[in-house]
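Colleague: I am new to this one. Could you walk me through how to read it?

Modeller: Gladly. Take a look, then ask away.

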Number of protein chains: 4
Amino acid sequence: MVIILENNATEQQISNIKDHLHDFGFEIHESKGAVRTILGAIGVKPGFDIRKVKILEGVADVYRVTYPFKLASRSFKEDKSIVKIKDVEIGGDKLALMIGPCSVEGEEQIFKLAEVVAKSGAKILRGGAFKPRSSPYSFQGMGEEGLKLMRKAADEFGLLVITEVMQINQIDLIAKYADIFQVGARNMQNFSLLKELSTTRIPVMLKRGLSATIEEWLMSAEYILAGGNKDVILCERGIRTFEKYTRNTFDLSAIPVVHNKSHLPVIADPSHAIGLRDQVPPLARAAVAVGADGLMIEIHHDPENAFSDGPQALLPETYLNLVNEMRTIATAIGKTI
Amino acid sequence: MVIILENNATEQQISNIKDHLHDFGFEIHESKGAVRTILGAIGVKPGFDIRKVKILEGVADVYRVTYPFKLASRSFKEDKSIVKIKDVEIGGDKLALMIGPCSVEGEEQIFKLAEVVAKSGAKILRGGAFKPRSSPYSFQGMGEEGLKLMRKAADEFGLLVITEVMQINQIDLIAKYADIFQVGARNMQNFSLLKELSTTRIPVMLKRGLSATIEEWLMSAEYILAGGNKDVILCERGIRTFEKYTRNTFDLSAIPVVHNKSHLPVIADPSHAIGLRDQVPPLARAAVAVGADGLMIEIHHDPENAFSDGPQALLPETYLNLVNEMRTIATAIGKTI
Amino acid sequence: MVIILENNATEQQISNIKDHLHDFGFEIHESKGAVRTILGAIGVKPGFDIRKVKILEGVADVYRVTYPFKLASRSFKEDKSIVKIKDVEIGGDKLALMIGPCSVEGEEQIFKLAEVVAKSGAKILRGGAFKPRSSPYSFQGMGEEGLKLMRKAADEFGLLVITEVMQINQIDLIAKYADIFQVGARNMQNFSLLKELSTTRIPVMLKRGLSATIEEWLMSAEYILAGGNKDVILCERGIRTFEKYTRNTFDLSAIPVVHNKSHLPVIADPSHAIGLRDQVPPLARAAVAVGADGLMIEIHHDPENAFSDGPQALLPETYLNLVNEMRTIATAIGKTI
Amino acid sequence: MVIILENNATEQQISNIKDHLHDFGFEIHESKGAVRTILGAIGVKPGFDIRKVKILEGVADVYRVTYPFKLASRSFKEDKSIVKIKDVEIGGDKLALMIGPCSVEGEEQIFKLAEVVAKSGAKILRGGAFKPRSSPYSFQGMGEEGLKLMRKAADEFGLLVITEVMQINQIDLIAKYADIFQVGARNMQNFSLLKELSTTRIPVMLKRGLSATIEEWLMSAEYILAGGNKDVILCERGIRTFEKYTRNTFDLSAIPVVHNKSHLPVIADPSHAIGLRDQVPPLARAAVAVGADGLMIEIHHDPENAFSDGPQALLPETYLNLVNEMRTIATAIGKTI
């Protein structure tokens, strides 16, 4: 932390500021210039509220010089993390594809789609059984029955299962059927849930909140890591901006930025970012080109009659074509699908 | 819902679109122009995903013409709602003041502050016992001990208690001590929690999410109302924008807009919106002038040593002066404090 | 500027960084900690691009510790500036009201409205003669004829005139008729125009750009001040956010923030911020309560037939009632209207 | 335009609304439902302010059903536009690369870089001679001398020249040296400038404003098209969001959206979007994958000493490697470089 003192700060004020810094546990470096004095407060205190220093008399401004997250940072762990689940690796040179419907709707549906997933070379089946919906009047998911069907279909085709957990009392149930917990954008700062998930040893994919900064996203990952669960995967799914022609703005620049600041793998979810089927393929291709560690894409064989988010689901054949395009793009940066 | 067809939509396509609308349960009105045909789909279907129609062949654009919320709307209930708790009314001509520290820190602290609250004429004591913190390393609240102290202090000075509930399994515990549940901004779309709160008969104050539209905020209120709990209070606490000199942007325009679209009362929380003490009073005055039904303000007798959010807490004397200014402003619009 | 070096920065790198800082003209303070070294680079260089230091080898992060604006800052001029035009003062204890139609539409219209303006006690007549419109097909203003009519009406009722200048070659013409130049939000960073206006001795009211940070807004004010024109007035008129129920989000928190960082007066324009007549009065009252130095409000006696922005114009009687409410609110903070 | 009437709208009100619509020049379709009446107002009136109808008594809501732009729309011109300049085509299957330094700094610099541009197979040299800078104290460009040098270098290596025009009185001068005018983000709504450029027959590349919606961007393009200049190229260069780790948020989803709604070609400028060199290559690759018609990239052989924006410039060798990666990606979607 760097503290810039006011030009006319008194000796008394400076001494009081130093006392506070000592009490907070920092080591102090003082640098007196002709006009201003600058204090360096050394010592990593994750979560320290710098406004505590900002309000002291004589302080002009305060800058944090370390990131507020620690375990999630590249300086804590220089090598990129690879999350291994059975024979699948997320974060390495092979892209992880998480494919499937928005919601599990029935046995025939999920088996049909799991077959497409397997055929494309993807290893992970996605599907919702408990759905967070902004309207209380919308379809809320099949519950445990959906989980069972998804597991059965995944086993039939040799796939892993990822599905969303919305509340603490669903954790044990979902753990029986899924290989990866998904935490949705709306729950990114549901700290109670994150803490509970940190005590499991099941990988967690944490979606970025709709208006979360990258820093806050990594802070939420920190909650899971700090509790002892090392297998955290991030997922960019679009942020909220002023633009009205798209559902959200897909923040692809977040991917190289996260790779620069953190060792955690990052998945891209173009389906939720853009919200309309036609524009999913170009954004999926862009996500590969920008260096995402994998993609989450919604598919449906009958989108017009899907129970939820049909409009953003790709038809199986469109999806299979897209995989071919993505394969070519992956080679341009030394990756495979 | 209004469906604009493409200029060159075929009879076959139009007929298919109508069939879908019938299946969704809408009554159809057709209006053929020289160039375009417009379909009106009549029938309120809260939560209907209009993209289901948007993806049909021949459709150029679709507009929802009713709000997606119903019970929260002015058209459902024309008179403004007043939430009554003992002898306190929220939503009437007397402003509700919810005052207290960010966190309960101990008996002396909360009694000292409760005395200030009572002295100012406010009727509601605020204080956190379970704290959602963006860092896992920050103070997380005193828990039940904090609740007990707050209740005791409130009873001593004849005040009501409002405090935050973060997860479902805290509801019963908090219900023993508090008069109003507060749902924090980060939980505005924690639908599991909202559903559970909808089954209690304790008033709920729902803070606006950091990037929630007013529409989404009212949809979340709808979750509570739809479950049978009629006592919902809204609270504006700042939204996220690109501006960096303030913690958040206090969206005061949301207050007249909500009053126009909904019958629910709206409280303003300038402390969280701006995040720095000096700028709380002007924004608190503005909230009164714009027509808020009440204010939530953080105070602390020793902000430099507060466990959380000290920098945004007002000193008791500053707060008491502010109440006087607010009183004058209230008279300008026929209200009292 | 504070430069945080990487933990493993070499002596060679540190020496190279210092050489660059010397070349840029900074005085250097070095502070070596156990883990990290911090360099303080002293010397105000407004406009210096700190990324030039950020890209040097061995640098972890860089923080600017002075504001990039100078003449607009409180540290340059501690006393609040008051812009005096004839017998009107903007920035003192009496609020400046700038009232009138969006566009001048004809002699009868502008005289009728000027009479209302004078009757309310306001001293400044607003009205557009050259209109920036987002559509090339919209009404673009009456031009010089409009300026003449506005001047005539203002003289008849003893008012000052404020009107928008859109391009350099309009400056001389407008200077013949107006007392204050208005620079619109879309031109806030039209630096060529700002430079030209800086050479006049006519006051300039600079509207905040739709997505401009407060810092950028003050930087644009700096352009005018740096060229020698000391009479700069700022105007907050709403910023762009994700919210869709309002035209813009009126950022009232910007007003105390600007007063804290700058000596320049700030006017609030609720008409453009909210865009719908019904919600102008509450926001106008809030602007007074928050401490604005004045208000710009659009009025029209026949809004249904106004040539532009009729929907946000107040009827004369509504405006006159509003002035009474604002007068009461002003007294709460020691001001008058 | 679709007008939704209030449930209790009177016959008198409905009749008055219809009269207004007739006066505005619309043809009217009425659709009476059990509860509500809907009016369809047919007739394209680009630039019509729908709030004029919204404020009429009896109107609940109004929806525009045509885009406010016309000449820029796909429905006006179904085939994609290709801008041809000498032997270069922008908008076809071959990507247009616009490469060069932020500012022209001298003869040696621009010749060195023009050589790199030509070597990479790019056909267009970019460089600034008049620079819009947010600080009045920053380098403002070499002016005409810079234009001359750029033209000379371009001719030597068989390249076209693109450079920014900031104000009307620079148009004739720049026309002598450049093949394409660039309008910067800050001038996207400088309507005076756009109108003047619409009367030339030189292609104009229009950058998206920092907080401009895609609709507003296309409206600004409409200004140029409406004046008779058909050769308009769009350029996405990042939008402003709440994210602080990146300079701007590169809105790659805008590219497929523009291609869907308009026939105009779109260039992507990753250098300005992200602002730091390291992250330019991944975003440049993503722009190719998403379907951009070309890229604008800043390069510099000595970025540490560049006069402006050095930190975002690629070194020549990095750029040449990037072109190879982009070439592979282009093939995945049937394009070439």
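**Copies, contacts and a helix**

Modeller: Start with chains C and D. A turn of 180 degrees and a shift of 0.0 Å along the axis lay chain C on chain D, with an RMSD of 0.0 Å. Keep in mind that this is a predicted model.

Colleague: Which C-alpha of chain C is nearest the axis?

Modeller: That of C:Ser211, at 2.9 Å from the axis. The same surface serves both copies, as 100% of the contact residues of chain C recur in chain D.

Colleague: What is the general idea behind a turn and a shift?

Modeller: Two copies of a chain are related by a rotation about an axis and a shift along it. Now take chains B and C. Chain B superposes on chain C by a rotation of 180 degrees, with 0.0 Å of shift along the axis and an RMSD of 0.1 Å. The two copies are thus related as by a two-fold rotation axis. In chain B, the C-alpha of B:Ala286 is nearest that axis, 2.1 Å from it. Here too the same surface serves both copies: 100% of the contact residues of chain B recur in chain C.

Colleague: How many residues of chain C are in contact with chain D?

Modeller: 36 residues of chain C, and they meet 36 residues of chain D. On the chain C side, the elements that give two or more residues are helix H2 (51-54), helix H6 (191-197) and helix H7 (214-226). H7(C) gives the most, with five residues. By type, the chain C side divides into 15 nonpolar, eleven polar and ten charged residues.

Colleague: How do I read a helix such as H7 of chain D?

Modeller: First, the general idea. An α-helix has 3.6 residues a turn, so residues three or four places apart point the same way. Now the case here. H7 of chain D has 13 residues and reaches 18 Å from its first C-alpha to its last, close to the 18 Å expected at 1.5 Å a residue.

Colleague: Why is H7(D) described as largely enclosed by the rest of the structure?

Modeller: Because ten of its 13 residues are buried. Among them are D:Trp217, D:Glu222 and D:Tyr223. The cover over the buried residues of H7(D) includes helix H6 (191-197), strand E11 (204-207), strand E12 (232-236) and helix H8 (254-261) of chain D.

Colleague: What comes just after H7(D)?

Modeller: D:Gly228, which takes a positive phi of about 110 degrees.

Colleague: And which domains does chain A have?

Modeller: The domain assignment gives domain 1 (2-63) and domain 2 (83-332). Their centres, taken over C-alpha atoms, are separated by 44 Å.

Methods: Residues numbered from 1 in each chain as written. Chains lettered and ligands numbered in written order. Predicted model: local features only at pLDDT ≥ 70, side-chain atom pairs only at ≥ 80, totals over all residues. Least-squares fit on C-alpha atoms with pLDDT ≥ 70 in both. Contact = placed C-beta atoms within 7 Å. Helix = DSSP H or I, 4+ residues; strand = E, 2+ residues; numbered from the N terminus. Nonpolar A, V, L, I, M, F, W, Y, C, P; charged D, E, K, R; others polar. Expected span 1.5 Å × (residues − 1). Buried ≥ 20, exposed ≤ 12 C-beta atoms within 10 Å, placed from the backbone. Domains from an automatic or database assignment.
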